[in-house]
Amino acid sequence: MPSRRTVLAATAGVTAALTIGADTQAASPHTTTHPATHPATHPAADRPGRHPDAHPTRPSDRTLRALISRMTPQEKVGQLFVSRAYGHSATAPDQADIDANLRELGVRTPAELVAKYHLGGVIYFGWAHNTRDPHQIAALSNGLQNASLTRPRGLPLLISTDQEHGIVARIGRPATLFPGAMAIGAGGSRGDARLLGRISGAELRAMGIRQDYSPVADVNVNPANPVIGVRSFGSDPDAVAALAAAEVTGYRAAGVAATAKHFPGHGDTAVDSHYGFPVITHTRAQWEALDAPPFRAAIKAGVDSIMTAHLLFPALDDSGDPATLSRTVVTGILRQELGYDGLVVTDALDMAGVRQKYGDDRVPVLALRAGVDVLLNAPRLDVAWNAVLNALQDGELPESRLDESILRMLRLKARLGLFEAPYVTRSGVDRTVGAPAHLAAADRIAERTTTLLVNNDRLLPLARTAHPALLVVGADPASPSGTTGPPTTVLADALTGQGFGATALSTGISPTSAAIERAVTAAAGADAVVVATYNVSAASGQRTLVNRLLATGKPVVTVAIRNPYDIAQLPGVGAALATYSWTDVELRAAARVIAGRVRPRGRLPVPVPRADAPGEDLYPLGHGLSY
């Protein structure tokens, strides 16, 4: 952590800057530390539960405008960018990360990147090696804040990540990992969604991360959606709206900015905007009824930021531009019709959906002209940054347009208390991240989400006397955070903990004939077989695996560890569960349901269509059995 001398030097500039406006207004977040207080000794920096408008020294808009008036053009442009940076340390990354930074960003270290481009924020990724463990993350956050604050007129950074939970989690164990959005949708509890936000927010805040790109507010009505799917709370717009708003409330209570995404709605597409350009064919009336309600609810709940989608929505704007670059969508609909005046951030600018029509030098300028405030993860930061600077200098982007977005960015930093307390402490990490009470809450929530779809002849719960030996086979997809799984092993271990003798045998997402034969042979020595399935299709080897196991005569229980639609391809199984993700917390809950330690309580948050007649439901919205 930074030394006291470093902290004093870093915060002195901010303190002086804030005094240029004498007035302050009551509001802000969550700390009561004086800027010169040593972050390693200040206890209030670790308390997440203060009301977001409780701080008596939040700088006023007049003060923030005075700060903006003293910025150079380069500093103004920098505040609009949030970028990746490679490395576990702000100043001493590994050589491979130095090489990656030089190759992609033209600097050696994350600290140099912040200083060179006057960044408004940094986004953390596991693949950028930013998230090894909680203490490392906290130290990186402090190092980055120090790099920004020790510059002339330095400002605190807004550090962010995508911690949706479920299948998108940048930070893994020992942090608390919760069920993902569709699992929360299956549980249907606004209280659980709110608690998830409070606990996740408290842990992120303890590590210096003050913005989470969550919740997903998309209404997933397309079972073939390759990019949203189980990241959505479900297909019912009112249910999605209620849960998204509840999660926003939880994050706000924890002092972390939530982000509703992906406006104007990404739930009905068969194209992944990371790799292509999706088109939404909803009418304007369908958008109002289906896509808009979760965003309206998030705005009403006080969401701090909204992320735009890189997709074409002709009923809203027929110009051919993606929503991120559409003034009609961003300013006309989001700002003026929905009345949103918070921070608008682009989805990542390195995604194909926003790069197909315009070059990397035009995209950021057009996004700002559309009304966006923050440009996220430009593929070539130097190109994007200089393009915005040139547009400012030649008048294409009026200075007043940049000032408007910078004010929103500084308002959010002020509300989060970053001007007063930008640093975090080791003791806060130890006290908060992965706290036993947090882990227990995640387990309780997971138990309320496991969904029983089929239970022929009351096969479940399995009795330890009738089925003492279990074989667990199936798919072992990579851990979303790199710290959990593999699923078959986790399931087998959890079932063993429930008193069974369980053996794991991974057969993969695309099982080979040899793997299927090994599973069939192993089943001969088991009393029942549990199969972890992952996005089963009509041609999937997983379907062959299940059918071959059914032919042995042994009871077969399937656990759909991602999409709940697998059951449509697997007729004849004795019992079928859906967990909506394959992180440990969900798999342990499924094991407790299989063993009868808890009753299944989840209800489908999406309908499951028939495999032979996709227009008909095999299981309707709300279906779920129990015992």
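**A colleague's note on the chain**

1. Let us begin at Asp612, which is exposed, with a relative accessible area of 59%. On the scale used here, exposed means over 50% relative accessible area, buried means under 20% and partly exposed lies in between, with a 1.4 Å probe and protein chains only. Asp612 forms a salt bridge with Arg610, and their closest N and O atoms are 2.9 Å apart. Arg610 itself counts as partly exposed, at 30% relative accessibility.

2. A word on the basis of this note. This is a predicted model, in which local features need pLDDT of at least 70 and side-chain atom pairs count only at pLDDT 80 or more, while totals for chains, interfaces and linings use all residues. Residues are numbered from 1 along each chain as its sequence is written, and side-chain values use heavy atoms, with hydrogens and water left out.

3. Now the overall form. The chain has 20 helices and 18 strands; these are DSSP runs numbered from the N terminus, with helices (H or I) of at least four residues and strands (E) of at least two. Its radius of gyration, 25 Å, agrees with the value near 25 Å for a compact globule of 627 residues. That radius is taken over C-alpha atoms, and the globule rule is 2.2 Å times the number of residues to the power 0.38. Along the principal axes, the C-alpha atoms fill a box of roughly 80 × 55 × 45 Å.

4. On packing, 63% of the 627 residues count as buried. Of the contacts (heavy atoms within 4.5 Å) between residues at least 6 apart in sequence, 76% join residues at least 24 apart.

5. Two peptide bonds deserve your eye. One cis bond joins Ser214 and Pro215, with omega about 15°, and Pro215 sits in the loop between β6 (211-212) and α9 (237-254). Another cis bond joins Lys261 and His262, with omega about 10°; His262 lies in strand β7, residues 257-263. Most residues other than glycine have a negative phi, and most peptide bonds are trans.

6. Please look at two positive phi values as well. His129 has phi near 65° and is in the loop between β2 (121-124) and α6 (134-149). Asn377 has phi near 50° and is in the loop between β10 (375-376) and α13 (381-393). Which of the terms buried, partly exposed and exposed fits His129, and which fits Asn377? His129 counts as partly exposed, at 37% relative accessibility, whereas Asn377 is buried, at 1%.

7. Back to the charges. The whole structure holds 33 salt bridges, each a side-chain nitrogen of Lys or Arg within 4 Å of a carboxyl oxygen of Asp or Glu. Arg132 forms one with Asp94, the closest N and O atoms being 2.4 Å apart. This pair links distant parts of the chain, 38 residues apart: Arg132 in the loop between β2 and α6, and Asp94 in the loop between β1 (81-83) and α4 (95-105). Arg132 is partly exposed at 45%, and Asp94 is partly exposed at 33%.

8. Arg284 and Glu337 also form a salt bridge, with closest N and O atoms 2.5 Å apart. The two are 53 residues apart, Arg284 in helix α10 (residues 284-300) and Glu337 in helix α11 (residues 327-337).

9. Finally, a network of salt bridges links Asp61, Arg335, Asp341, Asp373, Glu404, Arg408 and Arg411.
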